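Take a walk through this fold, one strand pairing at a time. Keep the coordinates open as you read.

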Amino acid sequence: KKSITIIDENSKTVAISKNPWIAVSDPKGSGLIYYWNTETNETTPLGSPKPSYWIEVHGNDERSLSYWWNPETNQTTALGAPKPPLYPTNQSYPGIFNQQQPPQR
């Protein structure tokens with residue numbers, strides 16, 4: 001596993017793993033693949049694109065809002081935003097920002 005440090009007033013570390021979505025061949029031999037999430041056991045329909053990988057980043061206490069971070073693209077959502085869709089689209093998703101690094105809190 002890799003880990004990153006999100007700098008805030010208490011300097012906390014968030015452990016992250018590589019993208020848990022892995023390609024699996026159709027067991028019926030169609031030649032199509034589907035994706036399986038090794039952490040949540042979710043699967044996609046056959047022929048779907050690879051899902052996006054979003055990590056929820058929590059604040060220091062239960063009253064803090066969380067946000068979502070994509071470690072592959074380094075995009076983040078606004079505080080309190082819902083988890084972005086699994087599949088990347090050409091349309092912009094409200095509240096997603098491109099970042100040089102995860103936002104400081």
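Glu56 has its bridge partner in strand E6: Trp68. The model is predicted, and this pair is a good place to enter it. Glu56 belongs to strand E5, which covers residues 55-57 and runs antiparallel to E6. The two strands are joined by 3 bridges.

Stay on E6, which spans residues 67-70. Its side chains split between two directions. Tyr67 and Trp69 point one way. Trp68 and Asn70 point the other way. Are these four residues buried or exposed? All of them are buried. Trp68, the partner of Glu56, is thus oriented opposite to Trp69.

Trp69 leads on to the next strand. Its bridge partner in E7 is Thr76. E7 covers residues 75-77 and pairs with E6 in the antiparallel sense, over 2 bridges. E6 therefore has pairings with both E5 and E7, by the rule that at least two bridges make a pair.

Now follow the chain from E6 into E7. The two strands form a hairpin, with 4 residues between them. Asn74 sits in that turn. What is the sign of its phi? It is positive, about 65°, although Asn74 is not a glycine. Most residues other than glycine have a negative phi. Asn74 is also buried, at a relative accessible area of 15%; the cut-off for buried is under 20%.

A second asparagine invites a look. Asn41 has a phi near 70°, again a positive value in a residue other than glycine. Where is Asn41 found? It lies in the loop between strand E4 (33-37) and E5. Asn41 is exposed, with a relative accessible area of 58%. Asn74, in the loop between E6 and E7, is buried.

Step back to the whole chain. The protein has 8 strands and 0 helices. From the N terminus on, its elements run β-β-β-β-β-β-β-β. Of its 105 residues, 30% count as buried. Among contacts with a separation of 6 or more, 33% come from residues 24 or more positions apart. The exposed surface is about 7,100 Å², and carbon and sulfur atoms supply 51% of it.

Last, the confidence. The mean pLDDT is 78, and 67% of the residues reach 70 or more. Which residues have pLDDT under 50 throughout? Residues 1-5 do. For that stretch the model has 16 contacts beyond four places in sequence.

Terms used. Residues are numbered from 1 along each chain as its sequence is written. This is a predicted model: local features need pLDDT of at least 70, side-chain atom pairs count only at pLDDT 80 or more; totals for chains, interfaces and linings use all residues. Side-chain values use heavy atoms; hydrogens and water are left out. pLDDT is the predictor's confidence in each residue, from 0 to 100. Contact means heavy atoms within 4.5 Å. Buried means under 20% relative accessible area, exposed over 50%, partly exposed in between (1.4 Å probe, protein chains only). Accessible areas come from the Shrake-Rupley method with a 1.4 Å probe; for residues, only the protein chains shown count as cover.
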